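Please open the model in your viewer and keep the selection tool at hand. The stops below say what to select next and what is to be found there.

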Amino acid sequence: MIPVFIWAPEEEGSWPPGGASQWWLDRSLAALNGDLEKRGSRLIIRRGPAVETIRQLAAESGASAVFWNRRYEPASIGRDRQAKTTLREQGIAAESFHGNLLLEPWTILNATGEPFRIFTAFWRACQRKCAELSFSRPISDDAVHRLPPPEHWPHTLDIAELGLAPVVAWDRGLRETWEPGEAGAMKQVERFRNEALQHYSEVRDQPFAVGTSRLSPHLHFGEISPQQLWRTCGQDGGEAYLRQICWREFAYYLLYHFPQSAEEPLRREFGTFPWKADPKNFKAWTQGKTGYPLVDAGMRELWHTGWMHNRVRMVAASFLVKHLLIGWQEGAAWFWDTLVDADLANNTLGWQWVAGCGADAAPYFRIFNPVLQGEKFDPSGAYVRRWVPELAGLANEWIHKPWQAPASAKVDSTYPCPVIAHEDARARALNAFRSMASIGR
DNA sequence: TGAAATGTTGGGGCG
DNA sequence: ACGCCCCAACATTTC
């Protein structure tokens with residue numbers, strides 16, 4: 001048996017893995033190779049093109065079969081199909097498997113045979129179907145104590161030759177925050193199940209608490225499967241978490257059924273929306289210098305750790321789209337490059353949801369108030385103080401609206417004033433979005 | 001998986 | 001005792 005990884009970023013359409021993803025992949029491959037070596041095996045690494053490379057490798061090693069887990073991104077589907085055809089033409093068995101999702105997207109449709117567009121309806125269908133299926137346990141560690149090596153190991157690249165690791169050392173925060181690989185995923189699951197799952201529905205929205213699973217990058221890279229989580233996280237209060245897992249399913253489901261949605265708004269009338277070109281404010285947003293503490297804390301957490309708490313993602317994304325009127329695709333591209341959990345399906349759903357142009361999306365008039373969101377979900381200001389040190393000395397009363405603080409308050413003068421007043425931005429957004437509401441629906 | 005504006009209710013102060 | 005006003009608290013509606 002020869003475990004293989006082929007690096008072919010140019011085959012990912014418009015979405016080759018970004019900087020943070022490449023950082024994770026570098027570490028994850030190293031971890032996987034280490035795990036395999038403990039079992040008398042190792043990972044063989046090649047550079048794409050993927051189909052030709054796997055055909056070549058199968059031929060030179062005399063393989064009789066090639067197996068892999070299916071992927072669902074538009075660019076991956078065609079490649080999977082082509083790989084099967086090519087290998088089978090050579091007399092090599094080729095099979096792909098269902099490992100990255102709970103349910104295959106083509107197996108769930110509504111009563112009229114159409115894809116669901118409303119999450120709650122989709123969620124109910126998932127619950128029904130998953131209850132019927134009852135996922136089996138993964139093969140135990142003991143059972144794969146040793147993997148049979150081939151007679152001759154084929155040539156392999158060194159992981160470093162893929163050039164995934166940062167050239168300049170910008171990754172300190174990522175290294176301090178994450179442990180890529182299956183062992184890291186299992187630790188995170190244990191931590192989540194022991195410390196957070198029970199109070200998940202109350203704590204998951206508090207960005208300073210470690211109340212969420214923090215499994216998104218592990219899920220994205222296949223270091224843990226949603227089926228494992230479904231089996232082990234459903235009990236006492238875990239249903240709220242399974243619901244979040246199904247948001248991930250819904251994202252893949254929508255991208256499968258609407259493959260254009262990574263690039264284009266699902267609701268056509270948004271195609272002509274007059275988004276602003278505003279490089280100055282876009283830069284302020286990326287750097288966490290909008291003057292709104294919760295937004296800035298989130299954007300800085302993202303830059304430092306490659307991750308942002310989900311509640312803050314919604315607020316920060318909403319700020320870009322609704323306060324600044326900058327197109328969701330620009331935000332999606334920034335997240336794509338900076339998130340270690342950058343995932344085409346999830347990123348697309350999240351941004352289309354925020355912009356109001358996706359399936360079951362936020363209505364145009366739902367505009368987060370970054371001050372109120374801060375006061376509601378970070379009442380102690382601990383999250384803001386952690387990521388915006390300029391405000392660390394500020395009292396709770398002003399921590400989410402430092403521009404209103406009295407002159408005597410301790411605000412570092414380098415912290416910017418709001419790039420736009422909330423009331424003005426809200427009025428402007430309502431005007432701009434209102435016309436969208438009447439069309440379509 | 002909002003927020004703001006507007007409407008309603010009911011207790012208490014007061015003439 | 002009664003009506004009136006005020007306004008917080010809650011509910012509804014509108015964006």
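**First stop: a buried leucine**

Begin by selecting L102, which is buried, with 22 other C-beta atoms within 10 Å; here a residue counts as buried if 20 or more other C-beta atoms lie within 10 Å of its own, as exposed if 12 or fewer do, and as partly exposed in between, with C-beta atoms placed from the backbone. This is a predicted model, in which local features need pLDDT of at least 70 and side-chain atom pairs count only at pLDDT 80 or more, while totals for chains, interfaces and linings use all residues. Residues are numbered from 1 along each chain as its sequence is written, and chains are lettered from A and ligands numbered from 1 in the order in which they are written.

L102 has its place in the loop between β4 (93-97) and α4 (119-133), where helices (H or I, at least four residues) and strands (E, at least two) are DSSP runs numbered from the N terminus. Next add E249, which is 147 residues from L102 in sequence but 7.1 Å from it in space, C-alpha to C-alpha. Leaving aside neighbours within four places in sequence, L102 is in contact (C-beta atoms, placed from the backbone, within 7 Å) with C126, C130, P226, Q227, W230 and E249.

**Second stop: helix α2**

Now select residues 50-61, the 12 residues of helix α2, which at 1.5 Å a residue (times one less than the number of residues) should span 16 Å, in agreement with the 16 Å between its end C-alpha atoms. The buried residues of α2 are V51, I54 and A58. Seen down the axis of α2, these buried residues fall within an arc of 70° (taken over the directions from the helix axis to the C-beta atoms), so they line one face of the helix. The exposed residues A59 and E60 are carried on the face of α2 turned away from its buried side. To see what covers the buried residues of α2, show elements including β1 (4-7), β3 (65-69) and α3 (74-89). Just after α2, look at G62, which takes a positive phi of about 70°.

**Third stop: the strand**

Finally, select DNA strand B, which is surrounded by F119, W247, M314, A362, F365, R366, I367, F368, N369, L372 and Q373; a residue is near the strand if its C-beta atom, placed from the backbone, lies within 6 Å of it. Colouring by class, you will find 8 nonpolar, 2 polar and 1 charged residues on the surface near DNA strand B, where Ala, Val, Leu, Ile, Met, Phe, Trp, Tyr, Cys and Pro count as nonpolar, Asp, Glu, Lys and Arg as charged, and the others, Gly among them, as polar.

Key. Two residues are in contact if their C-beta atoms, placed from the backbone, lie within 7 Å.
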